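Hi,

Here is the structure I said I'd pass on. Have a look at it first, and my notes come right after.

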Amino acid sequence: MDSITHIALGACMGDAFCGRKLGKKAMLWGAMAQSIPDIDFVAGFWMDTADNLVAHRGITHSFLFCILVALLCAYLAERWHRPHNISFSRWLLFFGGVIFIHIFIDAFNNYGVGWFEPFSHTRITFNTIYVADPFFSIWPGIAIIFLLLINRNNRDSRKKWWLIGMVVPALYLCYALWNKYQIDKDVRAILKEEKIEYKRYFTTPAPLQNWLWFVVAGNDSGYHVGYHSVFDRKHELQLSYFPRNDQFLEPLMNNHDVKQLIRFSEQFYTVERWSDTLIFNDLRFGQEIGWYDPKRPFAFHYFLTFPYENRLVVQRGRFAGWNRDVFKVMWRRIRS
């Protein structure tokens, strides 16, 4: 999830853990611990874009990292707050839990996390929640505001708010998992009825919500993409086909960036030419307002011809072309 959500969620967990004993310092510990796995952003200062894409959410989002950093944080916190009556094992449980929740939640959006690094490079992703979903994030965000304002001795009121900040997002995640189950069941049935063969398949939420889902199904030749709403009344899919165009990559198969991009995309990619520029598309990040115009570019498009123009490759197409009409069409598509 986004950094603000992690900070707010960690602060709620900190107050729940030891707010009675440490006051609002507990929120600071929780927010810090929840943010630690994202320290890998500093790798972007010396890595090129392709390598950084693979490194991000890698070792710092692994179980090994979680264990080692939890031990270090527990040791530092136990010494920092002496004298106190909080055992080392309780500190360890707290930091381990907070860091684990970070890497656990991040596995539910489309970027994927390296839980088993460095022993396995397999990325874990459940494609269940968009990376910035306000319906998930608003509750810990509201909770942290009240926790900052309420007196530290008003434990009943504080408990109410940290519970809201943690329990409501958990319930929303369960709701998102149910939506995912329904979408996958419907989409697979439609693909079977329409005799669309595929070797690879995924669904992931369109931006900022959990009711309209982006659908990709295909193989080494190309991919069918489209959108399906949990409220769709018609048992059908309007799909657009994009050829993979592997032939464009043949002269570049020994190129380091190309190898990293193919690995990062988990084979969900297409290649195309824009005038004099060769483009690598990672389909997992959806299209630029594809529900509005099914032929719009993919949000993640990497300029193979001009690799130094890709510093913001994950972000640049995420909200390209958005305006009031796009929101209206999205809302109508959700309700259809």
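Below is what I found, starting with a sheet and its helix and then moving on to one arginine.

Keep in mind that this is a predicted model.

The sheet is an open one with three strands, ordered E5-E6-E7 and paired antiparallel. Strand E5 (269-274) and strand E7 (298-303) sit at the edges, each pairing on one side only. From one strand to the next, the twist averages 35 degrees. If you zoom in on E5 and strand E6 (residues 277-287), you'll find six bridges joining them in the antiparallel sense. Arg273 is the residue that stands opposite Leu278 in E6. Helix H8 (residues 256-265) lies across E5, E6 and E7, and runs at about 15 degrees to E6.

Now for the arginine. Arg244 belongs to the loop between strand E4 (239-243) and H8. Is Arg244 buried or exposed? With a relative accessible area of 4%, Arg244 counts as buried, because the cut-off for that is under 20%.

As for its neighbours, leaving out residues up to four places away in sequence, Arg244 touches Arg200, Asn219, Asp220, Ser221, Gly222, Tyr223, Gln267, Tyr269, Thr270 and Val271. One of these, Gln267, has its backbone oxygen 3.0 Å from a polar atom of the Arg244 side chain. Phe231 is another matter: Phe231 and Arg244 are 13 residues apart along the chain, and their C-alpha atoms are separated by 31 Å.

Cheers

Methods: Residues numbered from 1 in each chain as written. Predicted model: local features only at pLDDT ≥ 70, side-chain atom pairs only at ≥ 80, totals over all residues. Heavy atoms only, no water. Pairing = 2+ DSSP bridges. Helix = DSSP H or I, 4+ residues; strand = E, 2+ residues; numbered from the N terminus. Axes fitted to C-alpha atoms, helices over the stretch in contact; angles between N-to-C directions. Contact = heavy atoms within 4.5 Å. Buried < 20%, exposed > 50% of the residue type's maximum accessible area, 1.4 Å probe, protein only. Polar contact = N/O pair within 3.5 Å; in protein donor to acceptor, adjacent residues only side chain to side chain.
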